[in-house]
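Hello,

Here is the structure I promised to pass on. Please open it alongside this note, and my findings follow below.

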Amino acid sequence: MKETRSNRDKVTSNERRVEGYALVFNRESDDLGGFTEIIDSGALEGVLAKSDVLCLLNHNVNRGVLARRNREKGSLELEVDGLGLKYGFEAPATSLGDELLEGLKRGDINASSFSFSVEKDKWLRTGDGKVVRHILKFRELYDVSPVYHAAYEDTNVYIDRRGMDALVAEEKAPGKSYFEGLRQRLGLVNSE
C-alpha cells in the first residue's frame with residue numbers, strides 16, 4: 001500500500017537550486033489520524049538503489065516532474081545522512097519549475113513530503129494510550145515533494161543560498177550552513 005507523509009520547516013530563496021529534507025529519522029510526526037509515526041534510521045537501507053523516485057509539486061504527477069532519480073541516476077540528488085533523506089535538484093526552466101521557485105520565495109511552499117510503501121513496521125501503545133508506529137524498513141520510495149502542509153516538523157525545502165548574508169544572519173553563526181544549523185537545533189551535533 002502506497003502512503004504519503006509531509007514534513008515542515010522554513011524556506012529561504014535564491015537562484016534555481018532547491019534542497020530539502022523529505023524525511024527525518026527518529027522524530028515523532030504530528031498526529032496522522034489517531035497515531036504518530038517515527039522512522040528508524042535504517043529504514044532506507046537498500047531502498048534508493050531499487051526505487052524510481054520522482055520529485056513532484058504537492059505529490060501531483062499530473063502537473064509534471066521537477067526532477068527524477070531512477071535507480072541512482074538522474075537529475076534528482078538523494079542523500080541519506082544522520083538527519084534523514086536530503087534531496088536536491090535544479091528547478092527546471094518550465095512553468096512548473098518557475099511556479100515552485102515563486103512559491104518558495106513567497107513562503108507559500110515551505111515543507112517537504114514523501115510517498116512510500118512499508119516492508120516492516122511495529123505498532124505500540126504507550127502508557128498514556130497513545131499509538132505510535134515505528135517504520136523499520138521501507139519497501140519503496142515513490143516521490144519526494146515540496147508541499148504546502150506537513151506531518152513532520154523537522155523537514156524543509158528551500159532554494160539554496162550558500163554564501164549569502166541572509167543565511168549567515170539566519171543561522172546566527174558566521175560560516176555555518178543551513179543544514180549544520182538545523183542539525184545543531186535538533187541536537188544532532190554539539191553546539192560550541
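Start with the aromatic cluster: Phe114, Phe116 and Phe138 make up a single one. Keep in mind throughout that this is a predicted model. In that cluster, look at the rings of phenylalanine 114 and phenylalanine 138. Their centres are 6.1 Å apart and their planes meet at 85°. Planes over 60 degrees apart count as edge-to-face, so this pair is edge-to-face.

Where do phenylalanine 114 and phenylalanine 138 sit in the chain? Phenylalanine 114 belongs to strand S9, residues 111–125. Phenylalanine 138 belongs to strand S10, residues 131–147. The two are 24 residues apart, and the pair links distant parts of the chain. Both phenylalanine 114 and phenylalanine 138 are buried.

The count of aromatic pairs comes to 5. Another of them joins tyrosine 87 and phenylalanine 89, with ring centres 6.4 Å apart and planes at 10°. Under 30 degrees counts as stacked, so that is the label for this pair. Tyrosine 87 and phenylalanine 89 are both buried.

Next, strand S8, which covers residues 84–90. How many of its 7 residues are buried? The answer is 6, so the strand is mostly covered.

S8 pairs with S7 and with S2.

- S7 (residues 77–80) pairs with S8 in the antiparallel sense, over 4 bridges. Valine 80 stands opposite leucine 85 in S8. A hairpin of 3 residues connects S7 to S8.
- S2 and S8 also run antiparallel, joined by 7 bridges. Here valine 18 faces phenylalanine 89 of S8. That is the phenylalanine 89 whose ring stacks with tyrosine 87.

Last, a charged residue to check in S2. Is glutamate 19 buried or exposed? Glutamate 19 lies in S2, which spans residues 17–24. Its relative accessible area is 6%. Buried means under 20%, so glutamate 19 is buried. Its side chain has a polar partner: the side chain of arginine 17, at 3.2 Å.

If you have only a few minutes, view these places in turn:

1. The cluster of Phe114, Phe116 and Phe138.
2. The stacked rings of tyrosine 87 and phenylalanine 89.
3. The polar contact between glutamate 19 and arginine 17.

Best wishes

How values were computed
Residues are numbered from 1 along each chain as its sequence is written. This is a predicted model: local features need pLDDT of at least 70, side-chain atom pairs count only at pLDDT 80 or more; totals for chains, interfaces and linings use all residues. Side-chain values use heavy atoms; hydrogens and water are left out. Buried means under 20% relative accessible area, exposed over 50%, partly exposed in between (1.4 Å probe, protein chains only). A polar contact is a pair of N or O atoms within 3.5 Å; within protein, one must be able to donate a hydrogen and the other to accept it, and residues adjacent in sequence count only if both atoms are side-chain atoms. Two strands pair if DSSP finds at least two bridges between them. Rings of Phe, Tyr and Trp (its six-membered ring) pair if their centres lie within 6.5 Å; planes under 30 degrees apart count as stacked, over 60 as edge-to-face and the rest as tilted.
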